[in-house]
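Work through the exercises below with the sequence and the model side by side. Try each task before reading its solution.

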Amino acid sequence: MISRSFNTIEISRSAIEHNYKYIQKRVSDNTPVMAMVKADGYGHGMVEVAEILSNLGCDRFGVAELREAVLLRRAGITGDIFVTLGFAADETELFFRYDLVPVVYNLESVRNLSQQAVRHGRDIAVHIKIDSGMGRLGLLPDEVKSFTEATAQFKNIRVKGFMSHFPESDDSRSPSTRNGHKRFYESCRDLKNKYGAICHIANSGAVLNFPDTQCDMVRAGIALYGYDPAGATADGSSVALQPAMSFTTKVLQVKKMSAGEGISYGHTYITEKDTKIAVLPVGYEDGYRRALSNRGRVLIRGQFAPVRGRICMNMCMVDVGCIKDVKPGDEVVLLGRQGDEVITADDLAYQVNSISYEILCNLGNNNKRKYIG
Ligand SMILES: *Cc1c(COP(=O)(O)O)cnc(C)c1O
């Protein structure tokens, strides 16, 4: 048996359940919530998160790549699984084998889907991707009508949805969300009625800040995992969310150090006075970003201990000079709660000029995960 790691990601099932129910409460009755579980569920485990939500009746899941959708289906997840990034021509058949929903933005992929659909003697539903202001993937609003009509001409293709994405819905004061919503809705309103399709654009930020952009479905990612996309600047509209991930390790060694000694590569920290330093088995390889060198802090015995010196590949050092009785084997919390204190992904993100999304992916996808309650 391979021995276990010192480091553990813990995922709270009940937090994810709570967040899903909270999102449902924030949208109108009967507006379905698509759970975005790409990037291995933002580090929380794609299949595990989908299973937790399936048990609550969620039957729409969104991933980026076809590969992820296949894994979900093979794991036994039922319902609609949306592939939002497109796909290679030679993989088209997988949509039929695994009964997946493609998001399309070029006629080449529609043609490939149509040929396979005819071959399989069945129809396939597609959703059309629109770029209504994100400046990313999708058709521009003035291309939507001709593209949709061309798509609908292909044999066995059914246009069942229109989707777009918001660039700034985390900012409740930005006019861009209302403008983008209007541009999106106007580009597909008539077509949606003509083809009996739905439209969807709202992400977590829109669910929390712009309830009138819900359309026929919302797509929630970060809020499911317990974070407001506005991060440390969140205005409190999401206080009810519960972060689902925590990250803990154990102290490897505690040593006395005299004033004036250098710590870690490059000696970027020199002890100012006699102190105690705890060595932790966590480094950038575990997703604990090197940019946290001399910036991060961890919790030991319920108190904050600052990171000293550079974070190495598999280790980092923290100052425990002010914490009594720290011993090898003591629990260390790098993300989450210990005693009365807490470190959130927003705290870590703030220290390295990033966002909770990236912190969660980095930690969750580079450590062994354990599921609790
Ligand atoms: C990731 C993603 C979302 C979810 O965004 P959050 O900000 O995490 O809620 C919604 N739609 C698409 C297309 C996405 O890729």
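## Exercise 1: Strand β10 and its partners

E10 stands opposite S246 in β10. The model is a predicted one.

Task: find which strands pair with β10, and in what sense they run.

Solution.
- Step 1. Take the pairing that holds E10 and S246. Strand β1 (residues 8-12) is joined to β10 by 4 bridges, and the two run antiparallel.
- Step 2. Look for a further partner. Strand β10 (residues 245-250) is also joined to β18 by 4 bridges, again antiparallel.
- Step 3. Check this pairing with residues. F247 has L335 in β18 as its bridge partner, and K250 stands opposite E331 in β18.
- Step 4. Turn to burial. In β10, 5 of the 6 residues are buried, so the strand is mostly covered.

## Exercise 2: Strand β18

Task: list further pairings of β18 and describe how β18 connects to β19.

Solution.
- Step 1. Strand β15 (residues 297-300) pairs with β18 in the antiparallel sense, over 2 bridges. Here I300 has V332 as its bridge partner in β18.
- Step 2. Strand β19 (residues 341-343) is joined to β18 by 3 bridges and runs antiparallel to β18. R337 stands opposite V342 in β19.
- Step 3. Look at the link between β18 and β19: the two form a hairpin with 2 residues between them. In the turn, G339 has a positive phi of about 60°.
- Step 4. Count the covered positions. Strand β18 (residues 331-338) has 6 of its 8 residues buried and is mostly covered.

## Exercise 3: The parallel sheet

Task: give the order of the strands in the open sheet with parallel pairing, and find its edges.

Solution.
- Step 1. The sheet has 8 strands, in the order β8-β7-β6-β5-β4-β3-β2-β9.
- Step 2. Strands β8 (198-200) and β9 (218-220) are the edges, as each pairs on one side only.
- Step 3. From one strand to the next, the twist averages 30°.
- Step 4. Examine one edge. Strand β7 (residues 157-163) is joined to β8 by 3 bridges, and the two run parallel. Within this stretch, G161 stands opposite I198 in β8.

## Exercise 4: A helix on the sheet

Task: describe where helix α4 packs and which of its residues are buried.

Solution.
- Step 1. Helix α4 (residues 66-74) packs on the sheet and touches β3 (60-63) and β4 (80-83). The direction of α4 makes about 165° with that of β4.
- Step 2. The buried residues of α4 are L66, E68, A69, V70, L72 and R73.
- Step 3. Recall the helix geometry: with 3.6 residues a turn, residues three or four places apart point the same way.
- Step 4. Find what these buried residues meet. They pack against α2 (38-42), α3 (46-54), β3, β4 and α5.
- Step 5. Look past the end of the helix. G76 follows α4 and has a positive phi, near 95°.

## Exercise 5: Cysteines

Task: how many disulfides does a search of the whole structure find, and are C215 and C322 buried or exposed, or in between?

Solution.
- Step 1. The search finds 0 disulfides.
- Step 2. For C215, the nearest cysteine sulfur is that of C199, 3.8 Å away. A disulfide needs the two sulfur atoms within 2.5 Å, so C215 is in no disulfide.
- Step 3. The relative accessibility of C215 is 22%, so C215 counts as partly exposed.
- Step 4. C322 is in no disulfide either; its nearest cysteine sulfur, that of C316, is 18 Å away.
- Step 5. C322 counts as exposed because its relative accessibility is 67%.

## Exercise 6: A loop residue and some rings

Task: locate D90, then find the aromatic pairs and a charge over a ring.

Solution.
- Step 1. D90 is in the loop between β4 and α5 (94-97). With 70% relative accessibility, D90 counts as exposed.
- Step 2. D90 and N112 are 22 residues apart along the chain, and their C-alpha atoms are separated by 8.8 Å.
- Step 3. A search of the whole structure finds 3 aromatic pairs. Y42, Y225 and Y357 are linked into a cluster by ring pairs.
- Step 4. R297 lies over the face of F304, at 3.5 Å from the ring centre.

Methods
Residues are numbered from 1 along each chain as its sequence is written. This is a predicted model: local features need pLDDT of at least 70, side-chain atom pairs count only at pLDDT 80 or more; totals for chains, interfaces and linings use all residues. Side-chain values use heavy atoms; hydrogens and water are left out. Two strands pair if DSSP finds at least two bridges between them. Axes are lines fitted to C-alpha atoms, for helices over the stretch in contact, and angles run from 0 to 180 degrees between N-to-C directions. Contact means heavy atoms within 4.5 Å. Buried means under 20% relative accessible area, exposed over 50%, partly exposed in between (1.4 Å probe, protein chains only). Rings of Phe, Tyr and Trp (its six-membered ring) pair if their centres lie within 6.5 Å; planes under 30 degrees apart count as stacked, over 60 as edge-to-face and the rest as tilted. A charge sits over a ring if NZ of Lys or CZ of Arg is within 6 Å of the ring centre and within 35 degrees of the ring normal.
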